[in-house]
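Here are my notes on the model you sent. Please read them with the structure open.

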Amino acid sequence: MKFPLQVLIFAALNEYYNYAFAALSQGQEAEYLANFDAMNELGYSMISDEGKVPPSFISECKNSWNPPTRDVIVLPGENGYVNSSQISQQCGSSSVCIIPLGVTYQVDSSINLGALVVEGSVEWTDDTQVDMRAFLCTGYVSVEGQGKWTMDLQDKEAFIYLKDNGATHSHLRTRAFGSYAASSTDYPIIQINGRELLRTWSLLAEPLKQNDLTLKLMHDPNRMGW
């Protein structure tokens, strides 16, 4: 799988990735755990970056505790396909939305669900998505049985936010994105392709020491497509 990759060196970097105020060595597990919350606050979160996410993304996805109260099996539209609008009319932020076998959900716009179970198919590509940016906000995503999740965006941007809404899957639990096979005959598939990068990693060109204000990489992040 190929993913758009942003590298965060977890040494308490500030929100602009410019300054390293502290660092932890391999043997400092206790200090790392004790300071995890503080370091996490200093880390970068795209959902807090209003300039890089759809306008309604933050208001709909954050601070949305609302455990789903019912399961809804999506009814197919024409030729077995459904889009975001059709799904929103059947289930929403208070429902576990189930895409049954034989139904294909083509993600064309943003949607907010309680949770999503895929037993049929989900297709999310540059062709299905109408706007340049779209998001799926959900408590969890579980691809099950013979379900298939296909996601391939090269030119457009897509966001999946696993919200803290209380939705709990019987095996994947909370805020999970994954597959679940209940029997040996189940074969759920997840395929995700993002914008292709020339490189997905780099190395420090110079050692990074405590109190250093900048870091230098061996490769140019702009040329790598980061």
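1. Asn-79 sits in the loop that connects β1 (70–73) with β2. This is a predicted model. The phi of Asn-79 is positive, about 60°, although the residue is not a glycine. Most residues other than glycine have a negative phi. Asn-79 is exposed, its relative accessible area being 67%.

2. Arg-175 is another non-glycine residue with a positive phi, near 50°. Its loop lies between β13 (173–174) and β14 (177–180). Arg-175 counts as partly exposed, at 38% relative accessibility.

3. Strand β2 also belongs to an open sheet of five strands, ordered β2-β4-β7-β10-β15 and paired in parallel. β2 (81–82) and β15 (189–193) are the edge strands, each pairing on one side only.

4. At the β15 edge, five bridges connect that strand to β10 (residues 148–152), and the two run parallel. Within this pair, Trp-149 is opposite Ile-190 of β15.

5. Which residues of β6 are buried on each side? In β6 (residues 115–118), Ala-115 and Val-117 are buried on one side, and Leu-116 and Val-118 are buried on the other, so both faces of the strand are covered. In a regular strand, side chains alternate between the two faces of the sheet.

6. β6 has parallel neighbours. Strand β3 (residues 95–99) is joined to β6 by four bridges, and Ile-98 stands opposite Val-117. Three bridges link β6 to β9 (residues 141–144), also in parallel, with Val-141 of β9 as the bridge partner of Leu-116.

Definitions and conventions:
Residues numbered from 1 in each chain as written. Predicted model: local features only at pLDDT ≥ 70, side-chain atom pairs only at ≥ 80, totals over all residues. Heavy atoms only, no water. Buried < 20%, exposed > 50% of the residue type's maximum accessible area, 1.4 Å probe, protein only. Pairing = 2+ DSSP bridges.
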